[in-house]
Amino acid sequence: MKRRELIGAAVGLAGAVWVRPAAANADELAAAIAAFAGGVPVHAGRVEFEIAPLVENGNTVPITVRVQSPMNEADHVKAIAIFNQSNPQRDVANFFLGPRAGRATVSTRIRLATSQQLVAVAKMNDGSCWSHSVDVLVTLAACVEP
Amino acid sequence: MKRLVSLMLALLVAHALAADARRSGFDDMSPQIQAMQRDDAANPAMLWVKEGEAMWGRECARCHGDAATSMRGVAARYPDFDTASQRPITLSQRINQCRVTRQHSTPLAPESDALLGIESYVAMQSRGLPIAPSADPRLQPFRERGEQLFRGRIGQLDFSCAQCHDEHAGQHLGGSTIPQAHPTGYPQYRLEWQALASLQRRLRNCMNGVRAEPFAYGAPELTELELYLAARAAGMRLETPAVRP
Amino acid sequence: MARALITMPTTAKRGDVVEIRTLIAHPMETGYRPGEDGAIVPRNLIRRFSCHYHDGRDEVLVFSAELFPAVAANPFIAFSTVATASGTLRFSWSGDQGFTQTETASLAVT
């Protein structure tokens with residue numbers, strides 16, 4: 001292989017595993033939350049983001065998000081959005097509820113590329129937004145396939 | 001000879017149960033993943049079990065009837081002795097043998113969703129039962145070879161199964177707790193695979209882990225290892241289908 | 001057809017909040033992963049999930065979700081709905097490569 005090709009390949013490989021600076025991700029995370037909130041200020045509270053603090057395998061991480069709300073016509077959660085800091089993209093999942101939901105509790109299983117911060121944001125019918133942030137440590141499995 | 005082997009097995013089980021420091025991989029998991037395994041509505045393995053149940057109804061029920069009755073205890077004693085080949089046979093191999101020789105049908109590919117589905121459905125019928133290896137004395141030489149494989153050093157890292165899973169179980173490899181490696185829940189949903197698969201796939205992962213060339217699926221060595229592992233886990237409860245990291 | 005599992009009660013009292021758990025077999029290929037040959041495996045995701053409640057008169061969307069690559073393979077979604085009247089719940093998943101699937105479940109409300 002020619003020396004130039006080899007260097008080119010090495011740069012390409014480095015690009016593929018390049019980890020973006022944490023500052024860039026934090027900005028994107030803030031921007032994603034602001035976009036979902038529609039410019040409305042997001043308050044911490046009313047939302048409980050349940051996730052294991054130490055995760056055995058980032059491929060499948062169970063989460064539950066609970067929002068305190070009577071879930072009636074006058075006062076209910078319209079949407080719950082989950083964002084992450086260090087995956088390749090910030091969005092994880094968006095859930096759309098309403099008074100028919102009865103309870104503002106959703107569960108799913110997500111992927112975490114690495115240890116990072118996660119944020120659950122709830123948007124109410126009056127436009128207000130509430131959130132809960134968690135920090136999660138992710139470990140990797142041993143003895144895997146090639 | 002059969003009585004002697006039965007006695008040896010019984011002693012093995014009794015000894016194991018009496019001073020039972022054995023832990024299933026379940027005990028090493030976080031509460032969240034334990035909850036995933038316990039809840040049949042949330043356990044991803046049930047997607048395969050459901051498929052297996054449908055196949056059972058279409059293809060197996062006409063001879064074997066209701067699986068909850070006819071298959072209860074079956075998986076708990078596998079690998080068992082196969083008279084046709086004069087060798088131990090795993091549950092999935094027995095299922096394929098039945099398809100080929102008795103149904104004149106085609107075998108299901110190893111690690112295929114179809115085979116894993118029927119195997120996990122059948123094995124689940126033994127869920128909660130103690131692992132009860134077959135006392136057939138003809139299995140003894142194969143079991144001993146399995147033990148030799150378990151204790152033999154392999155790979156570029158020159159490790160044996162025993163070194164990690166007997167001597168260092170409970171300690172950590174990277175961020176993961178080293179399990180004692182009892183096959184209490186196979187076929188199982190491994191989060192690393194994002195799929196359900198067999199004990200043989202897991203053994204091959206282990207061999208990769210020590211930088212050894214893994215045995216091919218269906219290799220006699222893998223069956224012998226399975227046979228030894230079952231004896232080593234004798235008396236422990238079967239959890240199939242399990243979830244593991 | 002991907003295998004899907006819906007777990008929910010078959011009966012409920014009017015006004016009860018019914019918990020629904022859904023599982024569907026799908027690789028949720030992120031589009032970030034290199035395959036065995038080194039080339040990136042193409043993205044293949046379930047993008048949307050919805051639950052419609054048909055109570056004999058109208059069909060109402062009672063819950064929906066947008067999924068991204070960070071949702072784990074074999075997606076599990078648990079949510080709840082108020083038992084208003086006897087009827088059928090229709091669960092739909094749709095996504096890349098023309099993926100669509102629908103499952104239904106009946107709910108008897110007294």
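This is a short talk on one helix, one small sheet and one chain-to-chain contact in the structure above. Keep in mind that the model is predicted.

Let's start in chain B, with helix α3. It covers residues 45–64, which is 20 residues. What distance separates its end C-alpha atoms? They are only 23 Å apart. A straight helix would reach 28 Å at 1.5 Å a residue, so α3(B) falls short. Now look along the helix. There is a kink of about 55 degrees in α3(B), and its centre is B:R58. Just after the helix comes B:G65. Its phi is positive, near 65 degrees.

Which residues of α3(B) are buried? B:A45, B:M46, B:L47, B:W48 and B:V49 are. B:E51, B:G52 and B:C60 are buried too. And what covers them? From chain B, the cover includes α6 (113–124), β5 (188–190), β6 (195–197) and β7 (243–244). Chain C takes part as well, with β1 (4–7) and β3 (17–24) among the covering elements.

Three of those chain B strands make our next stop. They form an open sheet in the order β6-β5-β7, with mixed pairing. β6 and β7 of chain B are at the edges, and each has a single partner strand, so one side of each has no neighbour in the sheet. Take the pair β5(B) and β6(B). They run antiparallel, and three bridges join them. For an example, find B:R190: its bridge partner in β6(B) is B:A195. In general, strands of a sheet pair through backbone hydrogen bonds, either parallel or antiparallel.

Now move to chains A and C. How many residues of chain A are in contact with chain C? The count is 24 residues of chain A, against 22 of chain C. Two strands of chain A, β6 (91–96) and β7 (105–110), each supply at least two residues to that side of chain A. By type, the chain A side has nine nonpolar, ten polar and five charged residues.

Stay with β6(A). On one pairing, four bridges join it to β5 of chain C, residues 59–67, and the two run antiparallel. A:A93 has C:L67 as its bridge partner in β5(C). A:N94 stands opposite C:E66.

β6(A) also pairs inside chain A. Five bridges join it to β5 of chain A, residues 77–84, again antiparallel. A hairpin of six residues makes the link from β5(A) to β6(A). Here A:A81 stands opposite A:N94. Look at A:N94 once more: it faces C:E66 in β5(C), and also A:A81 in β5(A).

Conventions: Residues are numbered from 1 along each chain as its sequence is written. Chains are lettered from A and ligands numbered from 1 in the order in which they are written. This is a predicted model: local features need pLDDT of at least 70, side-chain atom pairs count only at pLDDT 80 or more; totals for chains, interfaces and linings use all residues. The bend at a residue is the angle between axes fitted to the seven residues ending there and the seven starting there. A residue is buried if 20 or more other C-beta atoms lie within 10 Å of its own, exposed if 12 or fewer, and partly exposed in between; C-beta atoms are placed from the backbone. Two residues are in contact if their C-beta atoms, placed from the backbone, lie within 7 Å. Two strands pair if DSSP finds at least two bridges between them. Ala, Val, Leu, Ile, Met, Phe, Trp, Tyr, Cys and Pro count as nonpolar, Asp, Glu, Lys and Arg as charged, and the others, Gly among them, as polar.
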